[in-house]
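Please open the model in your viewer and keep the sequence beside it. The stops below are meant to be selected one after another.

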Amino acid sequence: MSNTSSAPVLERESERAATYPHPHPNAWYHLLDSEEVARGSAKAVNALGERFLVTRDEAGTARVLDGYCPHLGAALPEGRMKDGCISCPFHGWQIAPTGAVAHIPYAERVPKNLAVTCYPSRELDGQIFVWRAQHGSEVAPAFPLESVPDIESGALRARGTYDGGFVRMHLMEFIENGPDVHHFQKVHARLHLPWTRINVPGLGVAINPRWHLDDDRTHVAWLRTYATVSAFGRRFDEIGATADVEFLGPGSVARFHFEKPGLGKLLLYQTHTPVSPLLQRVRFRWFASDSLPRFASWWVVGHWISQWRDDVQIWESKIHRKRPHLVKEDGQILTMRKWFSRFYGETSAATPRPRAEMPY
């Protein structure tokens, strides 16, 4: 007997997906954490509607390749490389970790420049990112993935990682959350126990947000939030905290900058990798100064993840309104959408103004 119980769910998801623009705009996307691929090995990743093979040679350099053999398209295997090469399971072609075809066991010579596509990639702060553009693998990255000076200098050290799992949403929802200033009081007014959605009785949170585009880097948007805690109706400004959220592109990579005077700094990465049109794999990685107590970093990160889950329950069931009915108090939502549209098509970091129309 056939099982058709999932058909209505799949149909609804398809209808939801049709309301949104393309599921993965031009951007940097997280594929793996650095520790997931050892020297002299390869690791397969399914993302962005493609199969990637992340390799690391014996010198430690990581690269991102097309996951299929250039011969007849067999899936290249993951695991330990033999003699420094990946062996295609179909005909034994030997693929170097750079993507070059090093040897064909039954051929007198390897044709010149024969290789697996090697995509632009960057390993940064314990994470491996790939650049993907809709206009093909040969398109160079339109904007950089900048380093964090405090991490490079050692002033901020790795403190932890968290796998957020899979969220049924479009990438656009995460970044539209910033200029949507009026949802903060409705959705985020309660204080949860960190890492949970359990409310702390009598305690609340007031968030004052401000969203804006970076003055110099046209691929960056910012959200500044100032949060204060209240207890049984009394507000305590002295235990408030400011967070600056840096969106590096259309929401695939975000960095949260926290600083508490007298205690130290914390930087939190949140990455989104589209697996299918309405499915994001979400991961977190954070760094903190030695002066910041571990309990404080645990609390800050856990509190943010609790607040994020409040948004997730809405994102997973909403649709996208291409032409929403807004009031003047809704602020910069349309400005954000115009900016978001620049990550479709042929754009560059030097583009002075975003396109005015959404790409759908």
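Begin with Phe 295, which counts as exposed because its relative accessibility is 57%, above the 50% cut-off used for that word. This is a predicted model, and what follows should be read with that in mind. Phe 295 has its place in helix α5, which covers residues 294–315. Now add Trp 298 and Trp 299 to the selection: together with Phe 295 they form a nonpolar patch on the surface, and the accessible area of the three comes to about 340 Å².

Stay with helix α5 and select Trp 304 along with Phe 256, an aromatic pair that is tilted, with 4.9 Å from centre to centre and 40° between the planes. The pair links distant parts of the chain, since Phe 256 belongs to strand β17 (residues 253–260) and Trp 304 to helix α5, 48 residues apart. Phe 256 is buried, with a relative accessible area of 4%, and Trp 304, at 18% relative accessibility, also counts as buried, because the limit for that word is under 20%.

How many aromatic pairs does the model hold? The count comes to 17. For another of them, select Trp 131 and Phe 143, which form an edge-to-face pair at 5.2 Å centre to centre, with 85° between the planes. Here too distant parts of the chain are linked: Trp 131 is in strand β11 (residues 127–132), whereas Phe 143 is in the loop between β11 and α2 (149–153), twelve residues apart. Trp 131 counts as buried at 2% relative accessibility, and Phe 143 is buried with a relative accessible area of 4%.

Widen the selection to Trp 28, Trp 339 and Phe 343, which ring pairs link with Trp 131 and Phe 143 into a cluster. From Phe 343, look for Arg 342, whose charged end sits over the ring of Phe 343 at 5.6 Å from its centre. A further arrangement to display is Arg 51, which lies over the face of Tyr 68, 5.8 Å from the ring centre.

Finally, turn to the strands and show the open sheet, in which five strands follow the order β5-β2-β3-β4-β9 with antiparallel pairing. The strands at the edges are β5 (79–80) and β9 (118–119), and each has a single partner strand, so one side of each is left without a neighbour in the sheet. To inspect one edge, select strand β4 (residues 62–66), which pairs with β9 in the antiparallel sense over two bridges. Within this pairing, Leu 65 stands opposite Cys 118 in β9.

Methods. Residues numbered from 1 in each chain as written. Predicted model: local features only at pLDDT ≥ 70, side-chain atom pairs only at ≥ 80, totals over all residues. Heavy atoms only, no water. Pairing = 2+ DSSP bridges. Helix = DSSP H or I, 4+ residues; strand = E, 2+ residues; numbered from the N terminus. Patch = residues over 30% accessible without salt bridge, like charges linked within 9 Å, V, L, I, M, F, W, Y side chains within 5 Å. Areas by Shrake-Rupley, 256 points an atom, 1.4 Å probe, with all protein chains shown as cover. Salt bridge = Lys/Arg side-chain N within 4 Å of Asp/Glu carboxyl O. Buried < 20%, exposed > 50% of the residue type's maximum accessible area, 1.4 Å probe, protein only. Phe/Tyr/Trp six-rings, centres within 6.5 Å; stacked < 30°, edge-to-face > 60°. Lys NZ or Arg CZ within 6 Å of the ring centre and 35° of its normal.
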